[in-house]
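Hi everyone, thanks for making time for this. I'd like to walk you through one structure, moving from the rings to the helices and then to a hairpin. Let me put it on the screen.

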Amino acid sequence: MDQREAWDRFYARREKNGSPHPFDWFFGYKEISTLLGSVLRGLPPGRARVLDVGCGTSSLGLELYQRSSVQLHVSCLDFSSAAIQCLTRMLQDSPPPCHPLSKLECHLGDATELSRLFTLGSFHLLLDKGTCDSVLRGCPQRARRLVSECLRVLRPEGCLIQISDEDPDARVPFLETAGGANINIGEIARVNGISYYAYTLCPKASDPVLT
């Protein structure tokens with residue numbers, strides 16, 4: 001389900017049903033807040049740049065921006081204009097961030113073309129909660145490009161975290177062919193009998209950022 005028109009209709013219907021509110025695939029920010037906090041605390045001092053890829057109207061990027069004591073520049077990206085409009089309204093109605101210098105920006109764009117939208121090697125952390133799953137079911141080639149593009153805009157010391165319910169036996173071989181990165185796996189939640197995993201991809205030390 002990676003068709004732009006389908007997602008526009010999905011989010012437009014939700015907004016018509018009342019004031020905008022988060023809609024999360026799998027689960028929300030709370031379930032992975034400990035993992036994200038650990039990653040952010042391990043980054044070099046200074047403002048950390050975070051990209052939420054295929055954000056939809058998830059609470060993930062918005063609550064990370066609101067709750068993190070680390071100074072953040074969060075970018076939320078989706079190719080659905082209806083989702084971005086809804087998320088922008090949610091941001092306007094949200095309380096100020098925990099860190100007074102943090103900021104959040106919403107971007108309309110295709111996650112398989114990140115290097116056209118952002119400077120290469122510019123993000124400390126990329127978040128993908130269900131986006132690759134959606135693209136992978138529709139077109140594996142586009143899903144490989146998505147991973148490759150995420151790694152291109154990632155800083156050498158940064159990491160890409162994919163949240164998925166796909167079993168490691170299936171996801172790891174795909175990730176190994178999609179881009180050169182070190183892969184760590186951890187089960188982070190179990191909801192209604194379904195296991196969810198965090199696949200953390202870090203650029204290999206010998207791999208320079210592509211230009």
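Let's start with Phe118 and Phe123, both of which are buried. One thing to say right away is that this is a predicted model, so please keep that in mind as we go.

Let's stay with the aromatic rings for a while. How many aromatic pairs does the structure hold? There are six. One of them is formed by Phe26 and Phe27, a tilted pair with 6.5 Å centre to centre and 50 degrees between the planes. Then there is the pair we opened with: the ring centres of Phe118 and Phe123 are 5.1 Å apart and the planes sit at 85 degrees, so that pair is edge-to-face.

Back to Phe26 and Phe27 for a moment. Is Phe27 buried or exposed? Phe27 is buried, because its relative accessible area is 6%. Phe26 is at 26% relative accessibility and therefore counts as partly exposed. Together with Tyr196, these two phenylalanines make up one aromatic cluster. As for where Phe26 is, look at the loop between α1 (4–16) and α2 (33–41). For those of you who like backbone torsions, Phe26 has a positive phi, near 70 degrees, and it is not a glycine.

Some rings also have a charge over them. Arg49 lies over the face of Phe123, 4.4 Å from the ring centre. Likewise, the charged end of Arg171 is found over the ring of Tyr199, at 5.8 Å from its centre.

While we are close to Arg49 in this story, let me bring in Ser122. Where does Ser122 lie? You'll find Ser122 in the loop between α5 (114–117) and β4. With a relative accessible area of 10%, Ser122 is buried. A polar atom of the Ser122 side chain lies 2.6 Å from the backbone oxygen of Thr119. Leaving out residues up to four places away in sequence, Ser122 touches Arg49, Val153, Leu154 and Arg155.

Now the helices, beginning with α2. Its buried residues include Leu36, Gly37, Val39 and Leu40. These cover an arc of only 165 degrees around the axis, so they lie on the same side of α2. Thr34 and Arg41, on the other side of α2, are exposed. What covers the buried residues? Among the elements doing so for α2 are β1 (48–53), α3 (59–67), β2 (72–78), β4 (123–129) and β5 (154–164).

Next comes α7, residues 140–152, and in it Leu146. Leu146 has a relative accessible area of 1%, so it is buried. Which residues is Leu146 in contact with, leaving aside its neighbours within four places in sequence? They are Val53, Ala111, Thr112, Asp128, Thr131, Cys132 and Val135. And although Leu146 and Leu114 are 32 residues apart along the chain, their C-alpha atoms are separated by 8.2 Å.

On to α8, residues 168–178. Here Pro168, Arg171, Val172, Phe174, Leu175 and Ala178 are buried. If you look down the axis of α8, those buried residues fall within an arc of 165 degrees, which means they line one face of the helix. Asp169, Glu176 and Thr177 are on the other side of α8 and are exposed. The cover over the buried residues of α8 includes α6 (131–138), α7, β5, β6 and β7. Notice α7 in that list, the helix that holds Leu146. The N-terminal end of α8 has a cap as well: a side-chain oxygen of Asp167 lies 2.9 Å from the backbone nitrogen of Asp169.

That brings us to β6 and β7. How do these two strands run? They run antiparallel, joined by 10 bridges. Asn184 stands opposite Thr200 in β7. Between β6 (181–191) and β7 (194–203) there is a loop, and Asn192 is in it. The hairpin has two residues between the strands, and Asn192 takes a positive phi near 55 degrees there. Asn192 has a relative accessible area of 77%, so this residue is exposed.

So, to pull a thread through the talk: Phe26 and Asn192 each have a positive phi without being a glycine. Phe26 is partly exposed, whereas Asn192 is exposed. Thanks for listening, and I'm happy to rotate the view for anyone who wants to look around.

Definitions and conventions: Residues are numbered from 1 along each chain as its sequence is written. This is a predicted model: local features need pLDDT of at least 70, side-chain atom pairs count only at pLDDT 80 or more; totals for chains, interfaces and linings use all residues. Side-chain values use heavy atoms; hydrogens and water are left out. Rings of Phe, Tyr and Trp (its six-membered ring) pair if their centres lie within 6.5 Å; planes under 30 degrees apart count as stacked, over 60 as edge-to-face and the rest as tilted. Buried means under 20% relative accessible area, exposed over 50%, partly exposed in between (1.4 Å probe, protein chains only). A charge sits over a ring if NZ of Lys or CZ of Arg is within 6 Å of the ring centre and within 35 degrees of the ring normal. Helices (H or I, at least four residues) and strands (E, at least two) are DSSP runs, numbered from the N terminus. The arc is that of the directions from the helix axis to the C-beta atoms. Contact means heavy atoms within 4.5 Å. A polar contact is a pair of N or O atoms within 3.5 Å; within protein, one must be able to donate a hydrogen and the other to accept it, and residues adjacent in sequence count only if both atoms are side-chain atoms. Two strands pair if DSSP finds at least two bridges between them.
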